[in-house]
Amino acid sequence: MKLYNGGIIITGIVIFALLITFPFWWGKGEKNPAPVLSVDTPAINQLPDKRCLEDASFMRKNHMKLLNTWREGAVREGQRLYTATDGRSFEVSLTGTCLHCHSNKDQFCDRCHNYMGAKPNCFSCHIIPGEVNK
Amino acid sequence: MTSNRREFLKIAGASTLALLAPAILCPARTRGNLSAAEQKSSLLHPLTAKRWALAVDHAKCSADCTDCITACHRIHNVPDFHNPKDEIKWIWTEPFSAVFPGENHPYQGQAVQKMRLPVLCNHCANPPCVRVCPTKATFQRRDGIVMMDYHRCIGCRLCMAACPYGARSMNYRDPRPFIAGINPDFPTRTKGVVEKCNFCEERLARGLRPACVDACKQKALVFGDVENPQAEVRQLIEKRFNLRRRANLGTKPQIYYIL
């Protein structure tokens, strides 16, 4: 069996193979270090027990779901107090509660969001304390 | 009247006590910046009602006063685009002929022709904006407040077309650069959402009356539960003749104008 135009076809196959496997070999061996999040803020340092609303692992995984629940509850049902699993209660407020402790948004929220390529649009309306033009 | 040293000291002492009294009796409301704990505890005593309503006693409303508008727009981060086409309004004034179209005639006196009345969202009991909203961003709470969930607003402006009072404004541009001084306790809006008066539901949740009502020195705005026969607003609208804006449309507006 004779392969017509073999050169072009094989070159094409090689280019195709290179392109399709691009994600597997590009940047191989490069390290992309996980973001270092800072919890060194005045409000957190004052806490006797440095605990977020829930466990850190839960918050890391589920803060966006928790915030969605807060959003629906506060706006639509008027539930403005959140009772954590350990019985403490918090005001349902992104600016007032979350950013009160995590006042270093650029060293906490943003670092991880940038690393993950997440683009939450919370802060196009919700106010970042300290970034307010008073 | 001659005053001796003893009288002077008495008056000075009494004045000091009178000035300090509000701060001692009610510390949470007198201080500007509340701590997180105080903020939280203020949520434990919300104002509740079966149906919130507002009465506007026009006789008490002075002609050039804009206290209610200023207070509302400052607290709710309402932008000023310096352009009537893009204007965002939560509460504003209109002439009598615009507030009650069809009720004006050429023989009305100067007083009526020059009259300007404060207008805002009527928090209708049968709100057309709620019916047309495709995403349920506008909804009616159990206490009658017609409220917006800005998270869900897609900016379709059907509610603006449905509202017979023009109480809704669209953010055609990013409002943030046009807010004179941002109040950090209330979110701003973003480009592409509609906004309107929320009857200060965020203040009611903290046990405070709406900002316009508190700002009115003449007490021309009376806010309360219209379903409660003992409420001031109910007794006022039972006693005095009042009109609602375009009530013949069937929207059952809850702003009562005492004229």
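**Chains A and B: interface, helix H5(A) and a sheet in chain B**

User: In this predicted model, how many residues of chain B are in contact with chain A?
Analyst: Let's take the two sides in turn. Chain A brings 18 residues to the contact. On the side of chain B, the count is 16 residues.

User: Which elements of chain A give two or more residues to the side that touches chain B, and how many of that side's residues are charged?
Analyst: Two helices of chain A make the cut, namely H4 (56-77) and H5 (94-101). Sorting that side of chain A by residue type gives 6 nonpolar and 7 polar residues. The charged ones number 5.

User: Sticking with H5(A), which of its residues are buried, and which helix is included in what covers them?
Analyst: The buried residues in H5(A) are A:Cys98, A:Leu99 and A:Cys101. As for their cover, it includes a helix of chain A spanning 42-46, which is H3.

User: Over in chain B, which strands are the edges of the open sheet?
Analyst: The sheet has 4 strands with mixed pairing, ordered S8-S1-S10-S9. An edge strand here pairs on one side only. That points to S8 (221-225) and S9 (242-243) of chain B.

User: How do S1(B) and S8(B) run, parallel or antiparallel, and what is the bridge partner of B:Leu54?
Analyst: S1 (52-57) of chain B is joined to S8(B) by 5 bridges, and the two run antiparallel. For B:Leu54, the partner sits in S8(B): B:Phe223.

User: Which helix lies across S1, S8, S9 and S10 of chain B, and at what angle to S8(B)?
Analyst: Residues 232-239 of chain B form the helix in question, H11. H11(B) runs relative to S8(B) at about 115°.

Technical notes
Residues are numbered from 1 along each chain as its sequence is written. Chains are lettered from A and ligands numbered from 1 in the order in which they are written. This is a predicted model: local features need pLDDT of at least 70, side-chain atom pairs count only at pLDDT 80 or more; totals for chains, interfaces and linings use all residues. Two residues are in contact if their C-beta atoms, placed from the backbone, lie within 7 Å. Ala, Val, Leu, Ile, Met, Phe, Trp, Tyr, Cys and Pro count as nonpolar, Asp, Glu, Lys and Arg as charged, and the others, Gly among them, as polar. A residue is buried if 20 or more other C-beta atoms lie within 10 Å of its own, exposed if 12 or fewer, and partly exposed in between; C-beta atoms are placed from the backbone. Two strands pair if DSSP finds at least two bridges between them. Axes are lines fitted to C-alpha atoms, for helices over the stretch in contact, and angles run from 0 to 180 degrees between N-to-C directions.
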